[in-house]
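The following exercises are to be worked with the sequence and the three-dimensional model at hand. Each task is followed by a solution in steps.

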Amino acid sequence: MDAKTSPKAFTFLPLGAIIKEFKVNGRNIVQGFPHEELYKQYNAPFFGETIGRIANRVSGARINELNGTSYQLPVNDGPNSLHGGDMGWGKREFEGPSSVQKDGKDAVFFRYLSADGEEGYPGTVEVRVWYIQEKEQENGVEKEVLHIEFEAELVGDEIAETAVNMTNHSYFILSDGPTISGTQVTLITNIYQVVDSGGIPTGHIEEYPGVKSNESFILGETEPDIDDCFIVNTDPNTVPIDTRPLPLQKVASFYHPETKIHLEISTTEPAFQFYTGKYIEVPAVGNIPPRGPRSGFCIEPSRYVNAINIPEYRGMMLLKRGEKYGSKIVYRGWEA
């Protein structure tokens, strides 16, 4: 088959603008479900979802100060609010997919209008997601490439500012087995936000124990057990609300020696959550066996965790009328 007639490596759903499939030589390397209804019933882990308004955790399920007031958010992760609440953007039906041109390339486009007050968040926000699928050739190896671009704009006149922090929440599994065991990992940084028992940063930024920048380590059956935000750009004052003009950086790479599958993730974002899937618990549904702890790992490029409630960080998450929030993520997968 030539490139024009070969099947697409990536498929998407209007629900949450979800990435349903990411195929490398016919192997789907992301966790998901056969059809949308099963996502609605069983997707507690957020498989493939577009996360917003605020990805990751907000302390005390409250935005402490915005528009001169505070905002109560859904409490869905201990005392905190996680991934936009009970019905964040990953649980909402987007308009699309539409075929559009983006930067001179064919793109799949999704759009969602998030109403003022939805999940407690202020202001009407229009959310836009573009997916551009490409193939790259390098030394005779064909790579499947997905460019993701996020954009959000405050389109209502209810308030002057809101908070946005988007990411994609795909879970990857490169192995033949039921878990991520044996996967080799290399991260661009070992600097991370130290957190309390509820996953909220304490304010300290330190080196992650046992992980070294740009040095490979292996995921075992239970260890290392990671669910932490790693910092790529340690100067919060240089992080704009729209990171898209910034250069893409490769922040994480993965390889499994049994399948020979490689995965690289690049982004314009200043941080990424690395999660080794400890809390995955999905029963057998459709034709898919049950999925338990460590049946996938996540890299979630985004802003610092809880930035909206930290005065010196909040600018990276503060979206004002007349501005645009933006970010880019690129996935590359291949077998070699």
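**Exercise 1. The setting of Gly96**

Task: In the predicted model, determine which strand holds Gly96, and which residues Gly96 touches beyond its neighbours in sequence.

Solution.
Step 1. Gly96 is placed in strand S9, which covers residues 95–102.
Step 2. Its relative accessibility is 29%, so Gly96 counts as partly exposed; the range for this class lies between 20% and 50%.
Step 3. Leaving aside residues up to four places away in sequence, Gly96 touches Pro14, Phe109 and Phe110.
Step 4. For one of these partners, Phe110, the separation from Gly96 is 14 residues in sequence and 4.8 Å in space between the C-alpha atoms.

**Exercise 2. The sheet and its edges**

Task: State in what order the strands of the open sheet of 9 strands follow one another, and which strands form its edges.

Solution.
Step 1. The order is S9-S10-S11-S12-S25-S21-S20-S15-S18, and the pairing is antiparallel.
Step 2. S9 and strand S18 (217–218) are the edge strands, each pairing on one side only.
Step 3. Gly96 of the first exercise therefore belongs to an edge strand, since its place is in S9.

**Exercise 3. Strand S15 and its two partners**

Task: Establish how many bridges join S15 to S20 and to S18, and which side chains of S15 are buried.

Solution.
Step 1. Strand S15 (residues 184–187) runs antiparallel to strand S20 (residues 249–256), and 4 bridges join the two. In this pairing, Leu187 faces Ala252 of S20.
Step 2. S15 is also antiparallel to S18, to which 2 bridges join it. Here Gln184 is set opposite Ile218 of S18.
Step 3. In a regular strand, successive side chains point to alternate faces of the sheet.
Step 4. S15 shows this alternation: Val185 and Leu187 point to one face and are buried, whereas Gln184 and Thr186 point to the other face and are not buried.

**Exercise 4. The cysteines**

Task: Decide how many disulfides the structure holds, and whether Cys229 is buried or exposed.

Solution.
Step 1. A disulfide requires two cysteine sulfur atoms within 2.5 Å.
Step 2. The structure holds 0 disulfides. For Cys229, the nearest cysteine sulfur is that of Cys298, 13 Å away; for Cys298, the nearest is in turn that of Cys229.
Step 3. Buried means under 20% relative accessibility. Cys229 therefore counts as buried, at 2%, and Cys298 likewise counts as buried, at 0%.

**Exercise 5. The cavity**

Task: Find how much space lies in the largest cavity, and which strand gives the most to its lining.

Solution.
Step 1. The structure holds 1 cavity of 30 Å³ or more, and the space in the largest cavity is about 40 Å³.
Step 2. Its lining consists of Asn56, Arg57, Gln193, Val195, Gly199, Asp227, Asp228, Cys229, Gln273 and Val305. Cys229 of the preceding exercise is thus among the lining residues.
Step 3. Strand S16 (191–195) and strand S19 (227–231) each supply at least two lining residues; S19 gives the most, with 3 residues.
Step 4. Sorted by class, the lining comprises 3 nonpolar, 4 polar and 3 charged residues.

Key. Residues numbered from 1 in each chain as written. Predicted model: local features only at pLDDT ≥ 70, side-chain atom pairs only at ≥ 80, totals over all residues. Heavy atoms only, no water. Buried < 20%, exposed > 50% of the residue type's maximum accessible area, 1.4 Å probe, protein only. Contact = heavy atoms within 4.5 Å. Pairing = 2+ DSSP bridges. 1 Å grid on protein atoms, 1.4 Å probe; cavity = no way out; pocket = protein on both sides within 12 Å on 5 of 7 lines; lining within 4 Å. Points joined across faces, edges and corners; volume = space filled by probe spheres on them. Nonpolar A, V, L, I, M, F, W, Y, C, P; charged D, E, K, R; others polar.
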